[in-house]
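Hi there,

Here is the structure I promised to pass on to you. Have a look at it first, and my notes follow below.

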Amino acid sequence: MPRISTSLIRKASRIRPGLHLLLPECRTLEQAKLEYKWLAEELPPGRSIRWACFQRYNHVPLQYILRSQPFGPLEIVCKPGVLIPRWETEEWVMDLVKILSNSALLSNNDPLHICDTFTGTGCIALALSHGIPNSSFTVIDVSRKAIELVKENMLKNKVSKGKLIQRNILSSNGCNEYPSHIDILTGNPPYIRKRHFIRDVTTSVKLFEPRLALIGELECYENLVDHWLSKTNSFFYEIGDFDQFSYVQNRIKDDSNLSRIWSVGLKYDSNGNPRVVYGFKATPKGSILLQILEPFGTIKYLATALSRHKANSK
Amino acid sequence: MWLSKLQFPSKSVVKGIFLNCKSPWLVRPTSTTTNSQSSTTIPTQYSELSPLLVKQAEKYEAELKELDKDLSCGIHFDVNKQKHHSNLSALTDAFIEYKEKLNELKGLQEIILSDPSLKEEAEQEYVELVPKYEATSSRLVNKLLPPHPFAEKPSLLELRPGVGGVEAMIFAQNLLDMYIGYANYKKWKYRIISKNENESGSGIIDAILSIEEAGSYDRLRFEAGVHRVQRIPSTETKGRTHTSTAAVIVLPQMGDESSKSIDAYERTFKPGEIRIDIMRASGKGGQHVNTTDSAVRLTHIPSGIVVSMQDERSQHKNKAKAFTILRARLAEKERLEKEEKERKARKSQVSSTNRSDKIRTYNFPQNRITDHRCGFTLLDLPGVLSGERLDEVIEAMTKHDNTERAKELLESN
């Protein structure tokens, strides 16, 4: 990353005291001014703006200083030890809410059950539950801090009807607390490859966000295919690179049972990176899902049951 | 002298000077008749409405009768029809009043001419009646004019400095304060959607003000255009008067800003019609970085309109705001195009009022504010800039616009 020129630092410090301290994180003067405005407006009581600027200079994430991050229509409380919701996640979750809240799936009366694994702040489950009126949810996370934070966020955003489970899903698979029937399974598992951590991750994330929520190879996606596909009607998992998508797609394609009933799709974020691997079962609901999820992403693999059905209907 | 006094009854605004008060198109002055026997001039001059407008009003009256018939038969009215009915009955009431006053005037005129014994009294009554008659007739003209398509909408005001550097930025800030003051004075709810301040801290680079009062667009739409200021700027060291400008754009808000309606609107665009750009550096994104840059840029490809928004911490909210502004700009553009088409079709020679370059001058040395479209001048600059007396300027402009539109209505008939 290029060094910030001394003239820019001098210019910033002349505009407002402390503004130059925001430059290392913000990079541009415009962004620094915006952050300064947000800090001035939303700083928790008892903290000075000078303190906040020094925190930013030391790479502390803005969301940990302000203790919150907007997520769609919600305001999510953020605390050290729990991953901060990213705009990419917000983007695909809001797309999903938009599609589902207008779909025929909601017209029948049975409520949708949402299950969110690796939930962290609980942002995905809360946003979905907030946007889909007739729904209930379960969230699962290994971290105690995360579960506590989900409770706080449920209170703050006035979302109820949720079940919270603190357990490591990678090691305890046959747990009777897990819901037996899920309509929508979501997850934002740790997906940064260990060998890329030093190279690709920015300083602020490296220093302040929990590695437990960041570093992962393929085990979470393996767990998805092995243990969750039998319980759910659809899944939406965030990914960090194309290989993670290929892994899920190939596991489903190569399995004679799964390839018959599961279709797999891929969604890119607006920055052009592969972001979500999703799939749905070829049930009666499946053909509806095939239609309503059309604008969400691109279907890369169509379940043989559905493709035959399609051929017949033609 | 006596005559001219009658022709312009109580039209001058307090402290204001009306330059072109009456359009000769609208009215048909009756000829001055003289009594050959006594050779004294009697006041007979009043302005009758053009027969075309009267015909229009009679048409509406007939329509109201039809509707009343339907109503008495017990036919169910929906909301729109009810609205139409109430509009028509208000119009017809004004028309009936107009006809009554006109007949009274004509009657008085006859008495003055034929009966010398009652002449004095009749003349006095006549003089009193003329202003009342004028008020009724102008009310009727306003009712006959079709309302602006977006008259009921809340509004968005965009301010940008024009020529004049920092001084223009300061003037743009003055205008922003004026509109905020005006909203306060009117007790309207407002919100500053975005504001970019000049780096040195004086003046603005741009600002968008949202006024959430329904109908505020109808009031503020004449503010659109280039505003000119003449004063000795605070940045001037040698005491010279500078002329600078700032542009004001007024747009109707096409719906409320709740995220649901935004989503609904987003869907009404065809795929590929809108490009949504997020301004972010390349990289892997996702969990790898935690950026606070949430800027969004929308490009409406068919029209080339670009809107960017970065004020909110949430990209989602920035997107919603950007869509509100894009929607407003598109609506305004479509309306202007439609108006332009209608105007061309009519081949009327009427010069456009809402797009003339410089619409108003704020002259500080003379403490004067002049609206160039209607020629209205007010000598109280602080009062206007605080927003308290802006209403008078707008009122003058509204009247001017009504006459202009009445002119167009007549031509189209």
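Among contacts in chain A between residues at least 6 apart in sequence, what share joins residues at least 24 apart? The answer is 63%. Before going further, please keep in mind that this is a predicted model. Its scores are ipTM 0.89 and pTM 0.67.

**Chain A in outline**

Chain A has 314 residues, and 44% of them count as buried. Its secondary structure consists of 15 helices and 10 strands.

**The cores**

The largest nonpolar core holds 77 residues, and the members that touch the most others are A127(A), L128(A) and V277(A). This core lies between domain 1 (6–58) and domain 2 (80–313) of chain A, because both domains give residues to it. If you would like a place to start in the viewer, try A127(A): leaving aside residues up to four places away in sequence, A127(A) touches F71(A), G72(A), L74(A), V93(A) and V97(A). Apart from this core there is another one, of 49 residues, with M178(B), I204(B), I211(B) and M309(B) among them. As background, nonpolar side chains tend to be buried together in soluble globular proteins.

**Two hairpins in chain A**

Three of the residues that A127(A) touches, F71(A), G72(A) and L74(A), also turn up in the hairpin formed by β1(A) and β2(A). Strand β1 (residues 68–71) and strand β2 (residues 74–77) of chain A run antiparallel and are joined by 4 bridges. F71(A) has L74(A) in β2(A) as its bridge partner. With 2 residues between the strands, the turn includes G72(A), which has a positive phi of about 60°.

The other hairpin brings in V277(A), one of the core residues named above. Here β8(A) and β9(A) are separated by 5 residues, and G272(A) in the turn has a positive phi of about 85°. Strand β8 (residues 262–268) of chain A pairs with strand β9 (residues 274–281) in the antiparallel sense, over 7 bridges. V277(A) in β9(A) is the bridge partner of L266(A).

β8(A) also pairs with strand β10 (residues 298–301) of chain A, again in the antiparallel sense, over 3 bridges. In that pairing, G265(A) stands opposite I299(A). Is β8(A) mostly covered or mostly uncovered? Mostly covered: 6 of its 7 residues are buried.

**Where chain B touches chain A**

The contact between the chains takes 33 residues from chain A and 22 residues from chain B. On the chain B side, the elements that give two or more residues are α7 (259–268), β8 (274–278) and α8 (315–346). α8(B) gives the most, with 3 residues. By type, this side of chain B divides into 12 polar, 7 charged and 3 nonpolar residues.

**Confidence in chain B**

The mean pLDDT of chain B is 77, with 79% of its residues at 70 or more. Over residues 1–43 of chain B the pLDDT is below 50, and beyond near neighbours in sequence this stretch has 63 contacts in the model. Residues 257–264 of chain B also have a pLDDT below 50, with 11 contacts beyond near neighbours in sequence. Where pLDDT is low, the predicted coordinates should not be read in detail.

Best wishes

Definitions and conventions. Residues are numbered from 1 along each chain as its sequence is written. Chains are lettered from A and ligands numbered from 1 in the order in which they are written. This is a predicted model: local features need pLDDT of at least 70, side-chain atom pairs count only at pLDDT 80 or more; totals for chains, interfaces and linings use all residues. Two residues are in contact if their C-beta atoms, placed from the backbone, lie within 7 Å. Ala, Val, Leu, Ile, Met, Phe, Trp, Tyr, Cys and Pro count as nonpolar, Asp, Glu, Lys and Arg as charged, and the others, Gly among them, as polar. pLDDT is the predictor's confidence in each residue, from 0 to 100. A residue is buried if 20 or more other C-beta atoms lie within 10 Å of its own, exposed if 12 or fewer, and partly exposed in between; C-beta atoms are placed from the backbone. A nonpolar core is a set of buried Ala, Val, Leu, Ile, Met, Phe, Trp, Tyr and Cys residues joined through C-beta atoms within 7 Å. Domain bounds come from an automatic or database domain assignment. Two strands pair if DSSP finds at least two bridges between them.
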